[in-house]
Structure formats: structure tokens, C-alpha cells
Amino acid sequence: MTDIYDLAGRNGATLRDEVAATVDLEASLSDLLGRHNRRHRKQLVAGLTAAAAAVAVVAAVAVTRDPGMTEPLPAPSPTTPAPSHDFACTEGPSVQCLPGGRVRVDAARPFTLVPPTGFASEVSVGRAGTELYRDDTELGSGVAFIDDALPARRNKHLDAEEFARWIAASPYLDADTPQRTTVAGRPAWQVRVSAPGAPGDQRFACNQAGSPCWPVTATPRGRELPPWETGPWKGMANRYTFIDLPGGATFGIWSWAFGANWAAIDANEELIGTLRIQTP
Amino acid sequence: MSKVPESGSRPAGGAARGPDTVAFGPASLLPPVESFDDFYRRTYPGLLVLARALVGSSAEDVAQEAMLVAYRKWHDVATMASPVGWVRRVCLHKAVSTLRRASIERRLLRRTALADTTAAAADEVAAAEYFWSLVRRLPARQAEAVALRFAVDLPVLEVAEAMGCTEGTVKAHLARAKSSLADLVTTTEGARP
């Protein structure tokens with residue numbers, strides 16, 4: 001019988017030798033600095049845009065305000081979400097675990113969530129946005145929060161309504177009529193989508209067939225790489241929600257479930273209902 | 001190659017550098033700490049080995065993202081008792097997230113018959129890569145223990161530090177992984193490239 005520890009030791013040594021022989025440390029370090037600079041610029045632009053929007057709002061209020069009015073404007077009072085019963089929060093580089101079962105994500109526009117029962121403990125911040133996965137479905141389901149959602153292969157920014165209507169008009173997707181709704185205390189647009197088939201032509205698939213999905217949202221990856229695309233897979237149930245944010249950004253929420261599991265999509269609304277976006 | 005900004009670094013003794021580093025005043029009385037560049041050159045290969053064992057082809061992305069977090073927080077990370085241990089934990093966290101996503105996609109590909117098994121076998125031509133692909137089928141904590149112990153070649157004590165658990169727990173994970181891997185090796189022997 002094979003000695004597993006011996007096998008692991010030999011294959012570990014092979015892996016170390018291969019990495020030592022192939023890694024280009026100076027090129028990797030240069031790549032790292034490039035990544036940092038690209039993200040730093042993106043965050044700076046988002047911050048400046050939000051600050052400019054805040055200044056514009058303050059100026060507009062000052063101009064239009066009745067001079068006799070002394071009562072302050074009523075502050076929004078979101079209901080306090082109930083803490084999760086079994087979500088064991090795992091801290092990450094951009095993820096902070098807060099009291100009361102809250103999770104804070106340090107995106108360009110920071111936001112908080114209170115993951116309910118049924119979600120795994122990792123909050124993954126990656127190229128498709130901030131993702132949480134259910135651990136109570138057979139085939140997989142989750143929600144991706146995209147703090148600056150951009151439409152795939154469209155060289156323009158879309159607001160919440162435009163984004164939902166653009167998805168609904170796709171010839172490759174089955175979609176309901178987009179509905180106006182409220183999410184995180186803000187006006188939003190929502191659309192239910194499914195994909196009856198997979199892209200037959202690789203050129204139309206996400207990332208040129210890196211994944212067999214229909215490209216809906218895109219995440220920029222700098223000048224050297226094309227944007228990372230993601231979207232519905234064949235037979236997947238999806239609900240997209242878009243929220244207009246001050247400064248013109250569109251916050252996207254992609255709720256998805258393999259196996260046309262619409263019950264999971266409905267259950268995901270419990271998580272989405274806890275979203276609070278921090279804006280100036 | 002563009003270098004990490006020099007401004008704000010201590011002039012002698014291998015200063016801590018990074019985007020937010022300001023090390024004047026009382027900090028300059030502390031013993032010199034390693035520069036980020038030196039830390040990167042010393043640590044990145046091991047981190048890449050760990051990521052390769054755990055996520056395969058996405059390894060470079062995972063290892064670089066972990067290093068990027070270290071770079072941004074270098075002012076704090078550099079003075080930690082074990083910056084290497086810290087960045088390994090970040091890498092493990094990112095690898096687990098990547099694995100979870102990959103596992104969901106794999107299940108769907110199997111279900112929708114989109115998987116190209118020929119291509120998959122061709123990708124895993126090297127026996128070592130084949131072995132680590134088996135490790136990636138283990139539960140996440142077992143895979144982490146095997147990768148840290150045998151790919152990175154760490155003693156059990158350091159594996160425990162990276163995983164944030166006791167040495168006993170590491171040994172338990174390794175024992176369970178050994179048993180599962182023995183089954184996997186036996187059942188997939190015929191399919192081994």
C-alpha cells in the first residue's frame with residue numbers, strides 16, 4: 001500500500017522545486033505594485049466622486065431651504081436587523097466582524113450585512129464582487145455584492161433602472177419585467193432572470209469561455225487585462241438588484257442559485273434585506 | 001521595474017516600507033525591521049507553493065492578493081511577531097474562498113455535462129499536480145494542513161500557528177487526510193496520468 005505521507009512529501013518537494021525554478025520574483029513584485037496602484041486609483045476616484053456629490057447635496061439644501069425652517073430633516077431610521085444564529089464570521093483582509101453578527105466590507109463604498117442562518121462563514125472579496133455562499137443547498141447558491149456594477153461589454157455606465165432593463169432586453173436570457181423596489185433604504189430596480197441555454201459560441205461566453213456563463217457584469221482589472229465578466233449559467237435562477245448611489249455609481253446585487261432553485265433566491269432576500277451602504 | 005515608494009522609510013538598517021509607512025519619531029528608536037521588498041522576495045515562493053497546492057491554476061492570483069494585503073498594512077505587519085505566519089493565514093483564507101467557488105462550478109459542470117474530462121486530465125499531466133488535485137478534494141481544513149505540512153514543509157507547530165489551532169488539531173486533520181487520500185489514491189489509480 002502507498003505510504004501517503006511519503007507520497008505527500010515527495011510531491012511537496014517536486015512542487016517546491018518547480019516553483020523555485022519558474023518563479024520570477026522581480027516580475028511578480030512589479031505585478032503586485034501594479035495591482036496596488038490600480039486599486040488605489042479606483043478608490044481615490046470613488047472617494048472624490050462621493051465627496052463631490054455630498055458637496056452638491058449640501059449646496060442644494062442650502063439654496064432651497066426655507067429660511068424660517070428650524071426643525072432638522074428627519075434622519076432615516078433603518079430597522080435593526082436580527083443577528084444571525086449560526087453565522088461564524090471569518091475576518092479577512094477587507095472583512096471585519098462586528099458585534100451583533102454584523103459583517104463590514106471595506107469596499108470603495110463600505111457596507112454592512114448581517115448574514116442569516118444558511119450562509120457559510122467565509123465572505124469572499126474577489127473579482128466578481130463580495131460573495132457569500134449558502135451552505136444549505138444541494139447545488140450551490142449565493143449572493144454577490146458589487147459596489148460599482150458595470151455592464152459587461154458596454155462602454156458606458158448604466159443607472160439602476162437602465163441596468164435592469166438592459167438585462168431584461170437580452171436575447172439570450174429569460175427575464176421578467178423589471179420592478180421598482182426599495183433595498184437598504186434606497187430606491188432600487190430588480191429583475192428575475194434565467195438562462196435557458198449555455199453560450200454556444202465561446203466569443204459570447206464570460207471571459208471568452210473562461211466560464212460557460214452569459215456576461216452581465218464586468219469588473220475592471222487594469223489596462224493589461226480585460227475586465228472580469230460574470231453572469232447567469234444555464235439553468236441558474238438569478239435575481240439582479242441595482243441601487244443608485246450618490247455620485248452616480250450603481251450598486252449591484254446578484255442573487256443566484258444553480259438548479260433553478262427559486263426558493264433559494266427568495267431565501268437570499270433575507271441577507272439582502274440586512275444590507276446597509278455607507279455613503280457620505 | 002517600479003519600486004515601492006522610498007519616502008517615509010527609515011534611512012538605515014532595512015527600513016519598513018509601504019504605501020502608508022511613516023516611521024519617524026519614536027518609531028525610529030525601534031530595531032530595524034525588514035523592508036517589504038526583502039520580505040516579498042523571501043516569502044513569496046513559499047506562499048506560491050502553498051497556493052499551488054490548494055488552488056492549482058489560480059495560485060498566483062491568490063498568493064499575490066495575500067501579499068497585496070501585507071503590502072498595504074506593512075507598517076503594522078512588519079512589526080508582528082511572525083509576518084510570515086500572518087500572510088500565510090491571509091493566503092489560506094483567500095484559497096478557501098477560491099476553492100469554495102471552484103467546487104460549486106465543478107459540481108455544476110458535472111451536472112450539466114459541460115466538463116471536458118479529457119482536457120482536465122491533460123491539464124494535470126504532472127504527477128505532483130495530480131496528487132495536489134486529490135488534496136483539493138479534501139475538506140478545506142484537511143487540505144490546508146496537508147499543504148502547509150508537506151508542500152510548504154513546515155513543522156507541525158508552524159502549521160498550527162498558520163491555521164490558528166493547536167498542534168493536536170493539526171495532527172487530527174493530517175490523520176483524517178491520510179485516510180481519505182489513501183482511498184482517493186486507490187480509487188483513482190487507474191485514471192492517473
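What percentage of the 280 residues of chain A count as buried? In this predicted model, the share of chain A that counts as buried is 38%, and the walk through the structure that follows begins with that chain, passes across its interface and ends in chain B.

Chain A is built from four helices and 15 strands. Among its contacts with a separation of 6 or more, 57% are accounted for by residues 24 or more positions apart. Chain B, by contrast in its make-up, has nine helices and zero strands, and its pattern, read along the sequence, is accordingly written α-α-α-α-α-α-α-α-α. Of the 193 residues in chain B, 39% count as buried, and residues 24 or more positions apart supply 58% of the chain B contacts that have a separation of 6 or more.

A useful place to enter chain A is helix α4, which spans residues 262-272 and whose buried residues are Ala264(A), Ala267(A), Asn268(A) and Leu271(A). When one looks down the axis of α4(A), these buried residues fall within an arc of 110 degrees, so they line one face of the helix. The general background is that an α-helix has 3.6 residues a turn, so residues three or four places apart point the same way. The cover over the buried residues of α4(A) includes several strands of chain A, namely β3 (111-113), β4 (119-126), β5 (129-134), β6 (141-146) and β14 (250-257).

The loop that leads from β14 to α4 in chain A holds Ala260(A), a residue other than glycine whose phi is nevertheless positive, near 50 degrees. Ala260(A) has 14 C-beta neighbours inside 10 Å and therefore counts as partly exposed. A second alanine with a positive phi is Ala184(A), for which the value is near 55 degrees; Ala184(A) sits in the loop between β9 (179-183) and β10 (186-194) of chain A. Is Ala184(A) buried or exposed? With 21 other C-beta atoms within 10 Å, Ala184(A) is buried, since the cut-off for that class is 20 or more.

Beyond β10, in the loop between that strand and β11 (217-219) of chain A, lies Ala195(A). Ala195(A) has 23 C-beta neighbours inside 10 Å and so counts as buried. Leaving aside residues up to four places away in sequence, Ala195(A) touches Tyr172(A), Leu173(A), Trp214(A), Pro232(A), Trp233(A), Lys234(A) and Met236(A). Ala195(A) can also be related to the alanine of the loop before α4(A), because the C-alpha atoms of Ala195(A) and Ala260(A) are separated by 9.6 Å although the two residues are 65 residues apart along the chain.

The path now turns to the interface, where 41 residues of chain A are in contact with 42 residues of chain B. On the side of chain A that touches chain B, the elements giving two or more residues are α1 (4-22), α2 (25-64) and β4 of chain A, and α1(A) gives the most, with 12 residues. Divided by class, this side of chain A has 20 nonpolar, 15 polar and six charged residues.

Within this interface, the axis of α1(A) comes within 8 Å of the axis of helix α7 (residues 140-151) of chain B, and the two cross at roughly 70 degrees. That angle makes α1(A) roughly perpendicular to α7(B), and the crossing is right-handed. Which residues of α1(A) meet α7(B)? They are Ala8(A), Gly9(A), Gly12(A) and Leu15(A), and their partners in α7(B) are Val146(B), Phe150(B) and Ala151(B). By class, this contact has five nonpolar, two polar and no charged residues.

Helix α7(B) also packs within its own chain, against helix α1 (residues 36-55) of chain B, at an angle of about 140 degrees and with the axes 9 Å apart. The helices α1(B) and α7(B) are therefore oblique to each other, and α1(B) passes α7(B) in a right-handed crossing. The contact joins Val49(B), Leu50(B), Ala53(B) and Leu54(B) of α1(B) to Ala143(B), Glu144(B), Ala147(B), Leu148(B) and Ala151(B) of α7(B), and its residues divide into eight nonpolar, no polar and one charged. Ala151(B) takes part both in this contact and in the meeting of α7(B) with α1(A).

Key:
Residues are numbered from 1 along each chain as its sequence is written. Chains are lettered from A and ligands numbered from 1 in the order in which they are written. This is a predicted model: local features need pLDDT of at least 70, side-chain atom pairs count only at pLDDT 80 or more; totals for chains, interfaces and linings use all residues. A residue is buried if 20 or more other C-beta atoms lie within 10 Å of its own, exposed if 12 or fewer, and partly exposed in between; C-beta atoms are placed from the backbone. The arc is that of the directions from the helix axis to the C-beta atoms. Two residues are in contact if their C-beta atoms, placed from the backbone, lie within 7 Å. Ala, Val, Leu, Ile, Met, Phe, Trp, Tyr, Cys and Pro count as nonpolar, Asp, Glu, Lys and Arg as charged, and the others, Gly among them, as polar. Axes are lines fitted to C-alpha atoms, for helices over the stretch in contact, and angles run from 0 to 180 degrees between N-to-C directions. Angles under 35 degrees count as roughly parallel, over 145 as roughly antiparallel, 65 to 115 as roughly perpendicular and the rest as oblique. A crossing is left-handed if the near helix is turned anticlockwise from the far one by less than a right angle, and right-handed if clockwise.
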